[in-house]
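User: I would like to go through the structural labels used for this model. For each one, please set the value against the definition and then conclude.

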Amino acid sequence: PGPAARTQHRTSPGSAMALAELGPSWTDGVQVEERKLQEYYHRKNHGLLLRGAAQTLKHTLDPIPTTNATDGLVHLGDTLMLRHAGTGGLLQADVQDEVEVNDNSRRESVGMALSSGQLLVPCARNVFTVSRVSDDDGFGSDGCLHYGQVVRLGASPTLSERPMYLFATDGTQGEALEDGDSLMCLYPRAVAGAQWRVARAQAPAKGEADDDLVRLGAPIRLESVATSHALACDEKLRMTSYGNECRVFGQALPPGGPSGVEEVSRYAWSFVDSQWAEEVVAATRKVERGGFDVDEDDAANPHAAKYLAGLYIPKGWGSDPGELLQSNDKRGAHELALLEGEAGAPARKTLSRILPLIRRAGMHVPRRLRWMCVQADVSGAGVLPLRTFSGVLSWSGVRLRDDELMSLLEILAPKPDSELIDYRRFFALMAPPLGQVRGGVVRDAYAKLRANAPGQLVEVMHLQRAWDPQSHPEVHSGRMSVDEAREEFMRQWDVSHADALVSYEEFLDYYQDVSMAVECNEVFVELVRRGWGL
């Protein structure tokens with residue numbers, strides 16, 4: 001075959017060049033479905049983690065008592081929860097998520113990651129004891145907590161064999177941290193980072209007490225004595241051992257202090273007890289029954305509306321919302337049931353099963369499957385009959401049940417009531433177009449090849465000489481020899497044309513296919529760098 005065959009190879013259905021020619025409406029549709037698929041993964045993992053934690057981490061979720069003060073004040077020695085004003089979540093520890101902490105001592109130790117979540121049950125994860133750092137702090141001996149006072153917040157002794165304290169570091173390494181954030185965690189040493197100054201989060205409202213006593217439910221700010229950063233939280237989610245929860249971090253206060261509702265609430269917390277949690281749960285039940293009265297003098301009611309909004313309870317649901325706020329297991333089951341009932345969910349469930357199987361089958365398996373689809377597509381329209389597509393997948397060891405196969409039509413059929421599969425859409429959902437990170441390293445690799453090639457014309461033999469087979473994941477794992485990896489790599493290139501040149505488009509097309517097998521950006525970048533010695 002000559003240049004015409006080579007052009008056909010470059011623009012075959014499913015190639016990066018061919019997809020770019022399909023127009024914005026096709027591309028936008030794929031992007032929408034890709035977001036829905038990612039959301040499906042995220043929500044399904046959340047539901048499964050909620051249910052799993054109810055069993056494997058049960059000891060951290062069993063209810064424990066808090067102090068219930070009749071005077072409405074916070075006292076030294078009280079055991080209470082901390083509620084974030086912005087998210088409504090309670091400050092919680094993840095016993096399975098260890099974070100490295102440098103407290104400037106010779107001893108290396110680890111802490112527990114923090115987040116905020118909406119399980120309204122006092123338990124080992126979210127109950128803290130307020131203790132005084134020094135008896136000579138100038139706040140007398142009335143036993144009450146005062147604004148300006150420095151305290152430690154100790155975790156429940158049932159959480160860990162070691163005493164654990166709310167701790168601030170100046171470290172900036174952490175999964176959920178952004179520029180300007182610092183790490184907050186639980187830590188087993190009562191050193192300087194475990195000391196917190198309690199400040200007002202906002203001025204008292206009209207009619208509220210203006211003394212320096214801290215009250216239950218009053219908005220406070222916790223400022224680290226060691227770092228001057230305040231304990232903060234926002235609505236950005238992170239995956240924890242208990243499901244998706246809001247991230248917790250440290251942040252320097254803006255000059256002049258926080259201003260505006262959103263900024264103030266980012267740093268605002270309040271001490272709450274088990275009675276508060278019971279009142280909120282009772283109020284959610286009233287709201288669900290339609291008995292909510294906005295004029296009622298009940299501080300829990302506004303909170304109840306906020307928590308109910310996060311439960312996504314369908315109209316006419318008829319069950320107890322309080323159970324969802326008090327049980328990880330029941331909330332997980334509820335959210336999974338909602339997810340599986342949504343339009344397109346059966347297809348996304350099928351994709352969530354088979355896509356990981358294809359990725360695990362090998363680095364070049366998605367590319368081989370795409371080629372097989374192109375070869376079976378005699379019309380060149382980018383579609384295959386349902387059973388033909390199923391047969392192609394079976395080459396990689398993926399077997400589809402009849403109900404799974406039919407479900408794929410909901411999101412992969414080119415039009416309603418069709419029994420054709422748009423295989424271009426299928427592979428596009430496996431890996432969206434290379435973004436800035438992946439595309440950048442691929443451009444760097446090709447630039448290096450061009451710079452070392454005579455006349456800057458890259459030929460297949462240049463790929464053979466320059467590519468390092470040690471970069472192949474299966475060589476690294478010991479499942480493939482170096483010679484086998486080199487032979488497999490060379491089979492990926494069309495060498496039938498006379499000049500044997502490899503254009504940038506072909507090079508990019510190859511890595512678009514490889515990208516389908518690699519979910520993590522860091523792993524993909526390392527794969528390309530090692531392959532070409534970048």
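User: What makes strands β1 and β4 count as joined, and in which sense do they run?

Analyst: Strand β1 (residues 79-84) is joined to β4 by 2 bridges, and the strands run antiparallel. Pairing requires that DSSP find at least two bridges between two strands, so the 2 bridges here satisfy the criterion. The partner of T79 in β4 is T129. The model is a predicted one, in which local features need pLDDT of at least 70 and side-chain atom pairs count only at pLDDT 80 or more, while totals for chains, interfaces and linings use all residues. Residues are numbered from 1 along each chain as its sequence is written, and side-chain values use heavy atoms, with hydrogens and water left out.

User: Which residue of β5 stands opposite T129, and how many bridges pair β4 with β5?

Analyst: T129 stands opposite G154 in β5. Strand β5 (residues 150-155) pairs with β4 in the antiparallel sense over 5 bridges. The two faces of β4 (residues 128-132) are also distinguished: F128, V130 and R132 form the covered face, and T129 and S131 the uncovered one.

User: How many helices and strands does the chain have, and what makes a stretch count as one or the other?

Analyst: The chain has 20 helices and 15 strands. Both are DSSP runs numbered from the N terminus, a helix being H or I over at least four residues and a strand being E over at least two.

User: Why is strand β12 described as largely enclosed?

Analyst: In β12 (residues 243-251), 9 of the 9 residues are buried, so the strand is largely enclosed by the rest of the structure. A residue is buried under 20% relative accessible area, exposed over 50% and partly exposed in between (1.4 Å probe, protein chains only). For the whole chain of 534 residues, 50% count as buried.

User: Which strands are joined to β12, and by how many bridges?

Analyst: Strand β3 (residues 109-117) is joined to β12 by 2 bridges, running antiparallel, with S116 opposite C246. Strand β7 (residues 181-182) pairs with β12 in the antiparallel sense over 2 bridges, with S182 opposite G250. Between β11 and β12 there are 8 bridges, again antiparallel, and C233 has V248 as its partner. With 2 residues between them, β11 and β12 form a hairpin.

User: Why is D234 called buried, and what does its side chain reach?

Analyst: D234 is placed in strand β11 (residues 230-240). Its relative accessibility is 16%, which is under the 20% limit, and therefore D234 counts as buried. The side chain of D234 reaches the backbone nitrogen of K236 at 3.1 Å and makes a polar contact with the side chain of R247 at 2.9 Å. A polar contact is a pair of N or O atoms within 3.5 Å; within protein, one must be able to donate a hydrogen and the other to accept it, and residues adjacent in sequence count only if both atoms are side-chain atoms. Neighbours within four places in sequence aside, D234 is in contact (heavy atoms within 4.5 Å) with T87, C246, R247 and F249.

User: Is S228 buried or exposed, and what sets its phi apart?

Analyst: S228 has 52% relative accessibility, over the 50% limit, and therefore counts as exposed. S228 lies in the loop between β10 (220-224) and β11. Its phi is near 70°, a positive value in a residue other than glycine. Most residues other than glycine have a negative phi.

User: Where is D417 found, and why is D417 called exposed?

Analyst: D417 is found in the loop between α13 and β15 (420-422). D417 is called exposed because its relative accessible area, 85%, is over 50%. Phi of D417 is near 65°, also a positive value in a residue other than glycine.

User: Why is E526 called partly exposed?

Analyst: E526, in helix α20 (residues 521-532), has a relative accessible area of 40%. This value is neither under 20% nor over 50%, so E526 is partly exposed. The C-alpha atoms of E526 and S471 are separated by 8.6 Å, although these residues are 55 apart along the chain.
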